[in-house]
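Please look over the sequence and the three-dimensional structure shown here before reading on. The explanation is meant to be followed with both in view.

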Amino acid sequence: MFLNTLKIPARALLQCVNRGVISPKHRVGLGRGPSRLYYETAKPVDPSMSGASSARTVDLRSDTVTKPGAAMRQAMAEAEVGDDVFGEDPTVNELQKMAAEVFGMEAALYVPSGTMANLIAVMVHCKERGDEMIVGDLSHLHIYEQGGSAQLAGVHSTTVTNLPDGTFDLDQLESKIRHGYPDAHYPCSRLVCVENTHNIQGGRVLPLPFLQEVKALADRYGLAVHMDGARMMNAAIAQKVAPSTILQNTHTVSVCLSKGLGAPVGTMLAGPQGFISRAVRCRKALGGGLRQVGILAAAGKLALGDMINRLEEDHRHARTFAQGGHTNTQMYTCKTHVDFLFHHIFLTTLSQPLCMCVCVALLECDPPLYEVDMAAVETNILRFRLRDASLTPTEFCALMAAVAEGEQATMGQGVRVLMFPHIGDSVRAVWHLGISLEDTQLAIQKLQFVARQHSQKRLRAQ
């Protein structure tokens with residue numbers, strides 16, 4: 001069942017809390033739990049152990065699992081090539097010109113990976129070893145890129161606290177800028193890095209006013225702003241603006257072609273012409289100077305030309321899945337017989353409404369099993385919490401990836417849905433061009449099947 005936005009008095013909400021319907025611990029979104037920030041690479045499931053040999057697989061681990069389609073493969077096969085280290089690969093040159101125009105930048109450079117592109121940006125902006133960059137504490141560059149800025153570039157990092165929407169407090173940012181250089185005690189602040197969309201925070205889109213304020217602050221102190229825009233195209237589609245509208249608030253950007261845009265390899269690094277000239281040298285030093293790479297660049301041209309607008313499909317499918325947890329046609333009996341849902345709950349006070357943004361997906365058990373903040377489902381990444389302490393995210397992901405006894409009889413077929421355990425006792429699922437609406441509906445059915453099985457298991461244990 002669906003519920004529209006509800007306005008209920010504070011006393012009623014407190015009664016829900018006291019009865020255990022809403023746990024005070026989880027009232028305000030997913031938050032930061034005690035769990036580790038990191039996910040493990042999914043291990044292959046043995047079909048003989050999971051009953052998965054004939055099952056339908058819905059792979060929601062990441063949008064990096066996409067595969068080039070027939071048109072992209074044909075373009076790669078027919079690509080005109082040359083030696084790109086000599087600047088003679090015409091397809092690469094066309095892709096770089098195309099990317100610069102799309103991003104509203106002076107120039108662009110084709111780089112093998114997003115990690116290398118971000119590292120190159122750090123190396124160019126931070127000219128001396130011991131220079132400092134300021135990054136979000138939950139940013140991909142800080143968490144998932146092996147500390148390459150320190151390991152290979154000799155650049156020191158200081159962090160600001162990422163907020164749930166991927167932004168950070170500007171006063172805190174300003175407090176982290178070093179003002180004593182060249183005092184022998186301090187590094188020199190050179191760079192501020194932002195991430196859009198924000199991976200760990202669930203594909204959140206950075207608001208344009210925030211980016212404007214960050215750039216204004218950076219310009220005031222002579223710092224550069226680099227955007228890790230691995231999924232920046234998702235942000236542009238979500239905000240219904242041109243990529244250049246977002247990027248006018250940064251000095252440089254890296255944009256992955258190998259995620260939702262569907263290319264097999266590559267990231268575009270863009271910025272001023274002088275920046276790109278220095279970036280070419282850094283790319284060569286890191287082993288990223290490739291030869292007849294037009295075969296891959298041809299896929300990148302299709303990615304930037306034909307694949308951007310279809311990102312809205314991924315966003316829509318993610319929302320469908322998030323909402324699908326709300327729409328069980330069969331509600332399952334639990335100890336307290338909780339069979340209702342909350343979407344957005346507003347507290348109405350005597351003077352004004354106070355939005356708590358408590359968004360509960362599936363209150364079918366006591367305690368409820370799932371929770372998702374619908375306001376945070378902005379792009380193709382979905383994070384939801386398992387609110388039942390008896391089921392860990394790792395256990396839940398294993399259940400979703402296996403084909404259980406009786407599943408085929410109940411659902412009509414076995415379905416394996418691959419997801420990752422994630423930060424804050426949550427689960428992450430990512431939509432991409434390999435996931436259709438039918439796949440999404442099957443994933444919803446599997447989610448509901450697992451919920452029912454878990455509820456019945458708990459009842460039997462009582």
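The paragraphs below proceed from the chain as a whole to its cores, helices and strands.

The structure is a predicted model. Its protein chain has an average pLDDT of 83, and 79% of the residues reach a score of at least 70. Two stretches call for caution. Residues 1-39 have a pLDDT below 50, although this stretch makes 90 contacts in the model beyond near neighbours in sequence. The pLDDT is also below 50 over residues 326-367, a stretch with 125 contacts in the model beyond near neighbours in sequence. Where pLDDT is low, the predicted coordinates should not be read in detail.

In the protein chain there are 17 helices and 16 strands. Of its 462 residues, 54% are buried. The contacts often link distant parts of the sequence: among those between residues at least 6 apart, 75% join residues at least 24 apart. The chain exposes about 20100 Å², of which carbon and sulfur atoms supply 53%.

Which residues have the most contacts inside the largest nonpolar core? This core has 50 residues, and those in question are F103, V194, M233, I246 and L261. Helix α9, residues 208-220, gives the most to this core, contributing six residues. Apart from this core lies another, of 31 residues, which includes V58, Y370, L382 and I444.

M233 offers a view into the larger of these groupings, as one of the residues with the most contacts inside the largest nonpolar core. It is placed in helix α10, which covers residues 232-239. M233 counts as buried because its relative accessibility is 1%, under the 20% cut-off for that class. Leaving aside neighbours within four places in sequence, M233 is in contact with V102, F103, P243, V255, L261, L304, I308 and L311. M233 and I246 are separated by 13 residues in sequence, and their C-alpha atoms are 9.8 Å apart in space. V194, likewise named among the residues with the most contacts in the core, touches F168, L206, F210, L211, V214, V225, H226, M227 and D228, again leaving aside neighbours within four places in sequence.

Helix α9 can be examined next. Its 13 residues should span 18 Å at 1.5 Å a residue, and the end C-alpha atoms are 18 Å apart, so the expected and modelled spans agree. The buried residues in α9 are L208, F210, L211, V214, K215, L217 and A218. The cover over them includes α8 (170-175), β6 (189-195), β7 (224-228), α10 and α11 (243-247). Just after α9, G222 adopts a positive phi of about 75°.

Helix α14, residues 311-324, has 14 residues and reaches 20 Å from its first C-alpha to its last, close to the 20 Å expected at 1.5 Å a residue. Buried in α14 are L311, D314, H315, H317, A318, F321, A322 and G324. These buried residues pack against α10, β13 (381-386) and α17 (437-461). One residue of this set, L311, is among the contacts of M233.

The strands complete the picture. S254 is found in strand β8, residues 252-256, and counts as buried because its relative accessibility is 2%. Not counting residues up to four places away in sequence, S254 touches A117, N118, H226, M227, D228, G229, A230, T267, M268 and L269.

Strand β14, residues 415-418, directs V415 and V417 one way and R416 and L418 the other way, and all are buried. How many bridges join strand β2 to β14? Four bridges join them, and the two strands, with β2 at residues 56-59, run parallel. The bridge partner of V58 in β14 is V417. V58 is also one of the residues in the core of 31 residues.

An open sheet of four strands follows the order β12-β13-β16-β15, with antiparallel pairing. Why is one side of β12 and of β15 left without a neighbour in the sheet? Strands β12 (370-371) and β15 (420-422) stand at the edges and each has a single partner strand, so one side of each remains without a neighbour there. The antiparallel pairing of β12 and β13 extends over two bridges. Within that pair, R385 in β13 is the bridge partner of E371.

Technical notes:
Residues are numbered from 1 along each chain as its sequence is written. This is a predicted model: local features need pLDDT of at least 70, side-chain atom pairs count only at pLDDT 80 or more; totals for chains, interfaces and linings use all residues. Side-chain values use heavy atoms; hydrogens and water are left out. Buried means under 20% relative accessible area, exposed over 50%, partly exposed in between (1.4 Å probe, protein chains only). Contact means heavy atoms within 4.5 Å. The expected span of a helix is 1.5 Å times one less than its number of residues. A nonpolar core is a set of buried Ala, Val, Leu, Ile, Met, Phe, Trp, Tyr and Cys residues joined through side-chain atoms within 4.5 Å. Two strands pair if DSSP finds at least two bridges between them. pLDDT is the predictor's confidence in each residue, from 0 to 100. Accessible areas come from the Shrake-Rupley method with a 1.4 Å probe; for residues, only the protein chains shown count as cover.
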